[in-house]
There are 2 protein chains.
Amino acid sequence: MVNDQQIIQAAIAVLGNDFSAPLDVIADKAGVARRTLYRRYKDREQLISACRKETMLICKAAMNQAYNSSQEPLKQLERMLYAGIDCNYKYAFLNKLQQREQPKLFSDHDKNDLDDNVKLKWRELVIVLQKDGIINNDISVHWVFFLFDGMISTTITAIESGDVAVNDVKPYAWKSFARSIGIKLKQK
Amino acid sequence: MVNDQQIIQAAIAVLGNDFSAPLDVIADKAGVARRTLYRRYKDREQLISACRKETMLICKAAMNQAYNSSQEPLKQLERMLYAGIDCNYKYAFLNKLQQREQPKLFSDHDKNDLDDNVKLKWRELVIVLQKDGIINNDISVHWVFFLFDGMISTTITAIESGDVAVNDVKPYAWKSFARSIGIKLKQK
DNA sequence: GAAAAATGACACAAATTTGTGTCATTTTGC
DNA sequence: GCAAAATGACACAAATTTGTGTCATTTTTC
């Protein structure tokens with residue numbers, strides 16, 4: 001009735017904004033008995049591990065697909081933003097997780113999977129766009145990255161608040177992000 | 001040696017990104033024995049209460065001062081952004097807290113203090129700027145608010161990462177925010 | 001529809017977290 | 001420098017959370 005993905009989904013949603021939340025909160029959110037969590041995942045730790053794995057898989061796939069969906073850097077960047085938004089709180093969860101693990105393991109197994117493949121591609125896009133004068137030169141790639149991540153978080157917050165129509169918000173996000181880094185969009 | 005404010009500061013920093021974190025984490029962060037926390041605050045709940053109070057006091061004061069520091073709406077908005085950034089993780093903490101309490105108490109005591117006084121002023125600013133054509137008309141006040149909040153979070157993230165110089169980042173934030181809502185800044 | 005697999009609803013021990021008592025030591029106020 | 005106040009370092013009980021065992025019931029599978 002309740003599959004693994006739904007449980008992981010619930011876990012990500014809960015842990016994403018309260019990492020030390022007890023397991024029954026997750027169980028409730030998933031609509032499942034706490035005992036069931038332990039049947040599917042040995043540990044709290046293993047559940048979290050599964051969350052990380054799933055999150056990275058999904059985000060990575062979505063980002064890669066977005067990247068490959070066009071040859072035009074600006075379009076690629078736009079679709080990657082949408083992909084991040086679609087990954088939703090998964091994205092926030094990943095960030096929180098990485099932030100938490102950074103002191104421990106610096107260059108470990110699958111963590112850099114997402115980074116190496118996708119973040120590098122993303123970075124190249126930005127550099128190209130900056131070289132072409134499409135993105136302003138007066139800001140660093142680093143700052144552009146923060147803005148990108150930040151816009152995803154902002155959009156997720158907006159969606160979760162329920163005060164903004166979900167369909168409207170993605171183009172808003174892109175328009176705002178694009179402007180913020182100095183891109184002048186052509187009127188459609 | 002360690003005063004109340006430092007403890008509150010530590011508590012806000014810890015709870016801001018892990019609300020269920022045990023008290024010894026906060027005690028460690030504050031450089032104080034866990035026992036001391038209980039001497040100053042009866043409860044975990046009272047500590048959190050104190051955090052809320054302090055946070056609101058500081059944020060409100062900073063925002064109001066920013067608002068009052070100029071008559072020019074654009075300048076006021078800019079300074080309010082800076083004030084939000086200065087409030088730092090306090091701001092994130094407040095958001096998390098309100099998000100958590102929203103289901104419980106809808107229109108309660110001091111919560112709306114910050115809202116009524118400061119958020120209303122902020123809102124008026126945006127409406128005026130939009131009426132004057134300085135902020136783009138194609139986005140809603142609501143979305144502008146999310147962008148504002150989001151830019152504060154983004155900036156805090158950037159600062160915490162240590163990859164961006166603290167002094168540079170505030171003007172960056174303003175420039176990016178201003179652009180994102182369609183403000184054309186004059187070159188200084 | 002019957003056997004197998006998974007679930008929920010308990011109960012329960014171990015581990016962790018909370019909150020308090022005590023006392024030697026440190027810090028503060030004067 | 002001394003008395004008062006605050007702190008740290010324990011110890012400790014209560015409460016909460018974790019992880020497991022068991023069994024009746026539900027869901028899947030064939």
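Colleague: Which atom of DNA strand C is 3.3 Å from an N or O atom in the side chain of Tyr38(B)?

Modeller: The partner of the Tyr38(B) side chain is a phosphate oxygen of DNA strand C. Please bear in mind that this is a predicted model.

Colleague: What do the side chains of Arg39(A) and Arg35(B) approach on that strand?

Modeller: Here the partners belong to bases. An N or O atom in the side chain of Arg39(A) is 2.6 Å from a base oxygen of DNA strand C, and a polar side-chain atom of Arg35(B) lies 2.9 Å from a base oxygen of the strand. The elements that contribute two or more residues to this surface are helix H3 (34–40) of chain A and helix H3 (34–40) of chain B.

Colleague: How many residues surround DNA strand C, and which are the closest?

Modeller: There are 17, with Thr36(A), Arg39(A), Arg40(A), Arg35(B) and Tyr38(B) the closest. Of the strand's atoms that come within 4 Å of the protein, 47% belong to sugar and phosphate. By residue class, the surface holds nine charged, six nonpolar and two polar residues.

Colleague: How should I read the relation between two copies of a chain?

Modeller: In general, a rotation about an axis and a shift along it relate two copies of a chain. In this case, a turn of 180° with a shift of 0.0 Å along the axis lays chain A on chain B, the RMSD being 0.1 Å. The relation is therefore that of a two-fold axis. Both copies use the same surface, as 100% of the contact residues of chain A recur in chain B.

Colleague: Which residue of chain A comes closest to the rotation axis?

Modeller: That residue is Ser180(A), whose C-alpha is 2.1 Å from the axis.

How values were computed. Residues numbered from 1 in each chain as written. Chains lettered and ligands numbered in written order. Predicted model: local features only at pLDDT ≥ 70, side-chain atom pairs only at ≥ 80, totals over all residues. Heavy atoms only, no water. Near = heavy atom within 4 Å. Polar contact = N/O pair within 3.5 Å; in protein donor to acceptor, adjacent residues only side chain to side chain. Helix = DSSP H or I, 4+ residues; strand = E, 2+ residues; numbered from the N terminus. Nonpolar A, V, L, I, M, F, W, Y, C, P; charged D, E, K, R; others polar. Least-squares fit on C-alpha atoms with pLDDT ≥ 70 in both. Contact = heavy atoms within 4.5 Å.
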